[in-house]
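Could you walk me through this structure in the viewer, one selection at a time? I would like to begin at the ligand and finish with the domains.

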Amino acid sequence: MNAITETRAETRRKRGRGMAASWYGIARTATIDRAGAWAELDDGGTVKIVTGVTEIGEGILTVLAQVAAEETGTRPEDVTIGDNDTARSPEAAHAGATRQTYMIGNAVALASRQAREVLFEKIAEYWEVAAGELRAFDGEIWAEGSNLRMSVADAVAICKARGTVPVGSASFTANGTGLDPADGKGSPWQTYVFGTQVAEVEVDTWTGEVQVLGLWAAHDVGRAINPRGVEGQIEGGVVQGLGQALMEEYVTVDGHAATHGFAKYILPTALDVPQITCVIVEDEDPTSPLRAKGIGEPALVPTAPAIINAIYDAIGVRITTLPATPEKILAALRVQQP
Amino acid sequence: MPDMDLSCTVNGRPVARRVAAHARLLDLLRDDLNLTGTKEGCGAGECGTCSVFVDGKLVKSCLMPAGRAEGAVIETVEGLAGRGPLTPVQKAFHKTGASQCGYCIPGMVMAATACLRQNPEADLDEIKERMGGNICRCTGYTKILEAVEIARDVIAGRADASVLDADETLGESYIGHNVRRIDAPAKVTGRLRYAADMKLVDMLQMQVLRSPHPHARIVRIDTAEAEAMPGVECVITADDVPGKDGFGVFVHDQPVMARGKVRHVGEAVAAVAAEDLVTARRAVAAIKVEYELLPGLYDPEDALKPGAPVIHDYAPDNVVKHIPLRKGDIAAGFAAADVILEHEFGTQQVEHAYLEPEAGIAFVDHDDVVTVHSPSQNITHHRHMLAEILGLPINKVRMVMSPVGGGFGGKEDMIYQGMLAIAAMKTMRPVQLNFTREESLVASAKRHPSRVAYKMGLTSDGRITAVKFEMLSDGGAYGMSSEGVMRKAAILSCGPYEIENLQVDTRAVYTNNTPSGAFRTFGGMQAQFATESMMDMAAERLGLDPFEIRRINMYRAGSLTHTQHRLDRASLDQVLDAAEAASRWETGVPSVRGALRGDLGGPDTRRPCTLGARLAGGPATAAATEAAE
Amino acid sequence: MLTCDAYHRPRTLAEALALWADAPEGSRLVSGATDIYPWARDGRAGDVHLPAMIDLSGIGELRGYGFGKGRLHLAAGTVYQDFLTDPVLRQNLPCMPHVAIWFADDQIREVATLAGNLVNASPVADGTPAVVALNGAIELARLEDGEIRRRTVEIEEFIHGPGRTAIRKGEIATQVTLDTCCGYGGAFQKVGQRRSLVISVACCAALVRTDPEGRTFEDVRLALGGVGPGPMRLREAERMLRGERVEPEAILRAAHGAADRVASRSRLDYRREVVVNFVRAALEEALANRPNRAAAHDQSKETMANA
Ligand SMILES: Cc1cc2nc3c(=O)[nH]c(=O)nc-3n(C[C@H](O)[C@H](O)[C@H](O)COP(=O)(O)OP(=O)(O)OC[C@H]3O[C@@H](n4cnc5c(N)ncnc54)[C@H](O)[C@@H]3O)c2cc1C
């Protein structure tokens, strides 16, 4: 850096860091949540999962395929799983409340496990071993401590030849209690997650622009079923949080929208995002078979306060109303140094 | 309507079509050639879901007259791989998990392809600039950019093509394994059909007349002229609802179409199903509605004032929901405090901005089952509500989830499926409704704008002794998810800290603003923005490091939450440690110490964006080079 | 939604002028169409029906550029991306690449024309201040008795206010002529809510030429956008600097005058503050961007560092 840029950097662009912590409950709030699923170990060692799941982009279908594969000893690509249809699939309720991995994941795990148990029972009979000796993984089934081994495809054929279709079904529930109407007392969720984020910002004191250069996000998600998918949720949540912190605002004037399209409703682009470092903390949930919790919503919570705290660290301006637009930042700086 | 004849080359094949004079290139591709990998996310050039190559240049096809296709060579996302294997860019997107909902992804793949065709050596800054015209709402761009860098390295010969197919070796379990998304190939090729991409034989197009007023009584609706227009199959209003009208996530206070009065600008008043979109829009314009304006409420504080206009008769005080929490004794808690901080915070109304605008198709099947395909986040609940609205047994209503191009809570409300179902029953033909972006903005729920008045007492060693937390949220014209949002906001309000004495009140009120509803975090963000700001202000006041003050107060196993739930375990200590370590946090009091910090600008931060990465070194040297010196 | 009774794509200017002369009232010309389509949507003009839409993008005569009398003649079909990709344009219009990189995105720039930007005459257009700084003029052609007649109007006279220009019925913009500023350093400052696809709250274009040593300002051009009904040339500041030594005090003095030129109806305080900073930053960056800077480089660094 030369002398010019140095003086300018000092006067014009200022950096700082801030952090924020957060917590969140998993599954529907203050109620009894529930989800159902059906599973079938199908011909060719494939698996059919039917459940009222709603993939909204978070990757739940992949997660459920992993869960079903794990439980049935098959591979995720062997699993057929479709979207929700109220006339064809058991109720598994909505895509929201950071509930799908937790609720439907456990329902699918239990249903798949049941189907696998049916298969194991028949193959144990066939091999004349105890069902408890059987294991299955990645398309193969074997009996521990023996040379007995075959593909899940063959096992399904044998099971069917013996007159049984290996199917399972399950319902999973998570308990919560309502809140007392007077003092709010209650146990709204079965499990909670926590998160902490650190943001590093640069504030341009000539224009009021804020750039978030780095963001570190540590989140407990319970057992991470697909770590890359978890990262995707964190990164997406962070950038939505950044949008809310710095630029997004749906404006109405006497009820009339002033931000009627994306030319006025400003969303973050690839140029606005920080480098994000995700740290996945796996504090496994002991109350559910999968031991997973969730991450969909919680990732967004600490981002805006971490950024706002970082802006304060950089320029000593405390923004209390979002978003921290360039105009708001300069106005606050003006008050600070008249 | 006048037509024109066009011939061009699309994805390597000659194509000739007759299209309407006003057609855009996007319409030619989607409607006439069924190349629906090209999406319409905004119709105004602002999102990039419609990016295609025309004569080798990437353009936004929503802003190009179809007439320009004449003689042109056009390449869409479907043409990248054709019938062959995925391209390196597509494979890299698959590998990194760059697609989530997938709606922006065909455009992203096109932008990435264009970038690497222009400059196969582009560095990350240049890649970002060249992809700056494409919006993604799910991924935070990180995995997308990672994918483009991998594809670049392969294309530039810096990495072997095998990296595109290589995966981590499988251990002993599929749980915890980075299995590639099973839906990614359909998304990176544009093959996945969302509701707006579907076509059924004999399908009608629906358009909706929306309220221009925030609060008005409907005196009369005259649909005669619209109904008489050739090509119009039906015009529906609240009078056509066969069963018990009303939907909502918690209270069923919203009619399928305005009933008696309108409560916000953009509320559906009537709908038309016609042979084509233009006819439907013209018919909508021909519906005459006489309104009698009513005084409106635009500020939640005003909604609570005595004598304020009443928006819903059932709620004369305009309160949608109030959630109180009481724990301990705040008077005693504040008395025990060494310092008391009091501040107010505000968060804005926020749009979900999923790239897929609302869309759906309804038809009555051969067994008289009313079937609705839509990207709904909660079809189970929608089926219950729709059966009541239609006055049908529940098994005569079937909701099918179409691929959801992003939701974030915004697709939990049944704001259009009712109109579609009624029109399908009236016409006995399939009916499709695709929202424009502008329509989506005014008609769908938003994140609640909230104000929080916060009072926090602490001892000088950093323990919180009491909190008084009061949140007022603008619920807008309808209840939607307000009740649940207020509940969650209250439960999470004071953050992950054990506070013996607290008084929390969250309230959502009706106004004549665009309704607020479910949005990722369901009130948790608004509440904890206030709490986490307060924690830093308290830390500065008490001379504590931000991590330290949080550790002093954090939940541990055995803590009693704000709703007096005894926790068996709490992992806050672990995530605090993890974030502190990962960020190499330099301990200190948060008193504007940015200039003095030694932990800034590490390898895990990006360079500030200066724009002009591609100009560096050229005839016009960019400022970027200067800064880098 | 935009609908029309007829869509024409003439291949020659004469054909276009004839069509335009005969077009029914309410018809529109389009070049890149990037202003027209977003305008015909809800929240703005709503559904618009045009009797005829005359698309100028197929006219060969409206492409390319040429030189004459120290001026660069850009055909009306010149798109923003050209300012980034064409080395001749980059060299001769040193502020334009910086405008272009801030303009919309790569895809819009492939079709959005400079001429369309000028005729659209938005107060927050990015091209207008730069064109004004380049002493730009626009050439307008019309048919008169079967003959093509042309007139040229200075951009400062051409833009009357938001969406209002000196263009007359039957006229088509055919050229934008600009000073060639080879040897100048160029810069462009812009602020909005993000860094891509963003409309300016304020912007500033600058061109600077110094003596070979970089000691004195020989020529300075400055113009603001977004701060009034039209682009604003800062002649006073230019005069102050011309012949002045390249020193921070001089730059600051010139910058301070800019605040008083802000005539916007909204965000006044913000714009006043930003334009002062912008003039300063634009001058500093334009100095840094001078093509022959290498020799004078260390010198200018020293003077600046003495600030
Ligand atoms: C997503 C997006 C981002 C944008 N970002 C920016 C930005 O950053 N900065 C900015 O300044 N603008 C921006 N714009 C606006 C727009 O792109 C520019 O104003 C552009 O230069 C207009 O050129 P065009 O060729 O597309 O004009 P058109 O839309 O074709 O026409 C604009 C007007 O000029 C008339 N016209 C066009 N050509 C001629 C001619 N030869 N003779 C006479 N009249 C003519 C038309 O009738 C119309 O009135 C953006 C637009 C979009 C959609």
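Start by selecting the ligand and C:Leu29 in this predicted model: a polar backbone atom of C:Leu29 sits 2.6 Å from an oxygen atom of the ligand. Next, pick C:Asp35, where a polar side-chain atom is 2.6 Å from a ligand oxygen. Then add C:Asp126, which places a backbone N or O atom 2.8 Å from an oxygen atom of the ligand. Now switch on a surface: alone, the ligand would expose 970 Å², and the protein buries 95% of that.

Widen the selection to the whole shell. It holds 35 residues, and C:Leu29, C:Gly32, C:Thr34, C:Asp35 and C:Thr113 are the closest. Colour the shell by residue class and you get 23 nonpolar, 7 polar and 5 charged residues. Colour by chain instead: the surrounding residues come from chains B and C, so the two chains share the site.

Which elements of chain C each supply at least two residues of the shell? Show the cartoon and highlight strand 2 (28-30), helix 2 (36-39), helix 7 (114-120) and strand 10 (172-179).

Finally, zoom out to chain C and give a colour each to domain 1 (2-46), domain 2 (64-180) and domain 3 (185-288). Between domains 2 and 3 of chain C, the C-alpha centres are 21 Å apart. Their contact takes 24 residues from domain 2 of chain C and 27 residues from domain 3 of chain C. About 2100 Å² is buried between these two domains, with carbon and sulfur atoms giving 62% of that area.

Definitions and conventions
Residues numbered from 1 in each chain as written. Chains lettered and ligands numbered in written order. Predicted model: local features only at pLDDT ≥ 70, side-chain atom pairs only at ≥ 80, totals over all residues. Heavy atoms only, no water. Near = heavy atom within 4 Å. Polar contact = N/O pair within 3.5 Å; in protein donor to acceptor, adjacent residues only side chain to side chain. Areas by Shrake-Rupley, 256 points an atom, 1.4 Å probe, with all protein chains shown as cover. Helix = DSSP H or I, 4+ residues; strand = E, 2+ residues; numbered from the N terminus. Nonpolar A, V, L, I, M, F, W, Y, C, P; charged D, E, K, R; others polar. Domains from an automatic or database assignment. Contact = heavy atoms within 4.5 Å. Buried area = accessible area lost by both parts, 1.4 Å probe.
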